[in-house]
Amino acid sequence: DTVVFDKTGTVTQGTPMVTDIILSDRYLEDDFLKMATSLEQNSQQPLAKAIVSYGISKVEPVAVSGFSEIIGRGVKGIVDEKSVIAGNLKFMTDNNIVADNFNKYTEKLSDEGKTPVFFAIDGLLSAIIGISDIPKNTSALAIEKLKSLGINTIMLTGDNIRTAKNISEQLKLDDFISDVMPDQKDEEIARLRNEGRKVAMVGDGINDSVALSRA
């Protein structure tokens, strides 16, 4: 009676593209892109691949030292002797990076259904890259058919509430659950089951595997 959908690559095309670059006045775009592309080329995450695909057409990446990645949060490393941290807003908070001066841009991107990726350089938030992953042409039709059968449709995503709301409204889903870490997806499926629902899940990523098996 309930079908839960992963977002990226399931109801969306899974090929995110860079749509916006918002820079502080401390860096020129090419200088920033060199650092961002160099750092993100060490990650296999879809948003990172989108940034690299965009960046390598404009700049030449350089070596990164001290690279580390926190799944569901972001990446960090040393590029051209500068400390570069990239990821979601939670990752900025984890690293004591203040993001208030970019709030209006963050809200605008999210309202447009875009995912903001934050970049802090030497401890200061220096840029946001907006990334869009549009719905598949078939998603709305599939969801409409499920709803016509009386099945409840829910999207489960790590995206923030504004981005998730935009995609959910485009696809006319019954509900969405946002800001979910990969290891929390299983908890959300368990919660829905505990409500007495019979739950199916549709997902394609390794992060979905535990939740898929529970469903």
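Select Asp-111 to begin: in this predicted model it is partly exposed, with a relative accessible area of 45%, where buried means under 20% relative accessible area, exposed over 50% and partly exposed in between, using a 1.4 Å probe and protein chains only. Residues are numbered from 1 along each chain as its sequence is written. Because the model is predicted, local features need pLDDT of at least 70 and side-chain atom pairs count only at pLDDT 80 or more, while totals for chains, interfaces and linings use all residues, and side-chain values use heavy atoms, with hydrogens and water left out.

Now add Arg-162, whose side chain meets that of Asp-111 in a salt bridge at 2.7 Å, N to O; a salt bridge here is a side-chain nitrogen of Lys or Arg within 4 Å of a carboxyl oxygen of Asp or Glu. Arg-162 lies in helix H7 and Asp-111 in helix H5, so the pair ties together parts that are 51 residues apart in sequence; helices (H or I, at least four residues) and strands (E, at least two) are DSSP runs, numbered from the N terminus. Arg-162 is partly exposed, with a relative accessible area of 35%.

Next, display the whole of H5, residues 103-111, and pick out its buried residues, which are Thr-106, Leu-109 and Ser-110. Viewed down the axis of H5, these buried residues fall within an arc of 95°, so they line one face of the helix; the arc is that of the directions from the helix axis to the C-beta atoms. An α-helix has 3.6 residues a turn, so residues three or four places apart point the same way. To see what the buried residues of H5 pack against, show strand E2 (17-23), strand E6 (115-121), strand E7 (124-132) and helix H7 (161-171), counting as contact any heavy atoms within 4.5 Å.

Stay at this end of the tour for the charged side chains. Lys-108 forms a salt bridge with Glu-112, the closest N and O atoms being 2.8 Å apart; Lys-108 counts as partly exposed at 47% relative accessibility, and Glu-112 likewise counts as partly exposed, at 36%. Adding Asp-20 and Lys-114 to the selection shows a network of salt bridges that links them with Lys-108 and Glu-112. Just after H5, Gly-113 takes a positive phi of about 80°.

From here, turn to the nonpolar interior. The largest nonpolar core has 18 residues, and those with the most contacts inside it are Phe-32, Ile-51, Val-84, Phe-119, Ile-129 and Ile-131; such a core is a set of buried Ala, Val, Leu, Ile, Met, Phe, Trp, Tyr and Cys residues joined through side-chain atoms within 4.5 Å. Two or more residues of this core come from each of helix H2 (29-40), helix H3 (46-55), strand E4 (74-79), strand E5 (82-87), E6 and E7, and H2 gives the most, with four residues. Centre the view on Ile-129, which touches, among residues beyond four places away in sequence, Val-18, Asp-20, Ile-21, Phe-32, Ile-51, Thr-115, Pro-116, Val-117 and Phe-119. A second, separate core has 12 residues, including Phe-102, Phe-118, Leu-125 and Ile-128.

Select E4 again, this time together with strand E3 (residues 64-70): the two run antiparallel and are joined by five bridges, strands being paired if DSSP finds at least two bridges between them. The bridge partner of Ile-70 in E4 is Gly-74. E3 and E4 form a hairpin with three residues between them, and Gly-72 in the turn has a positive phi of about 80°.

Two loop residues other than glycine deserve a look at their backbone. Asn-96, in the loop between helix H4 (89-94) and H5, has a positive phi near 60° and counts as exposed at 69% relative accessibility. Lys-172, in the loop between H7 and strand E9 (175-177), has a positive phi of about 60° and counts as exposed at 59% relative accessibility.

In that loop between H7 and E9, select Asp-174 as well, which pairs with Lys-147 of helix H6 (residues 139-148), 27 residues apart, in a salt bridge whose closest N and O atoms are 3.8 Å apart.

Finish at Thr-10 in helix H1 (residues 7-11), which is buried, with a relative accessible area of 14%. Leaving out residues up to four places away in sequence, Thr-10 touches Phe-5, Lys-136, Ser-139, Val-202, Gly-203 and Asp-204.
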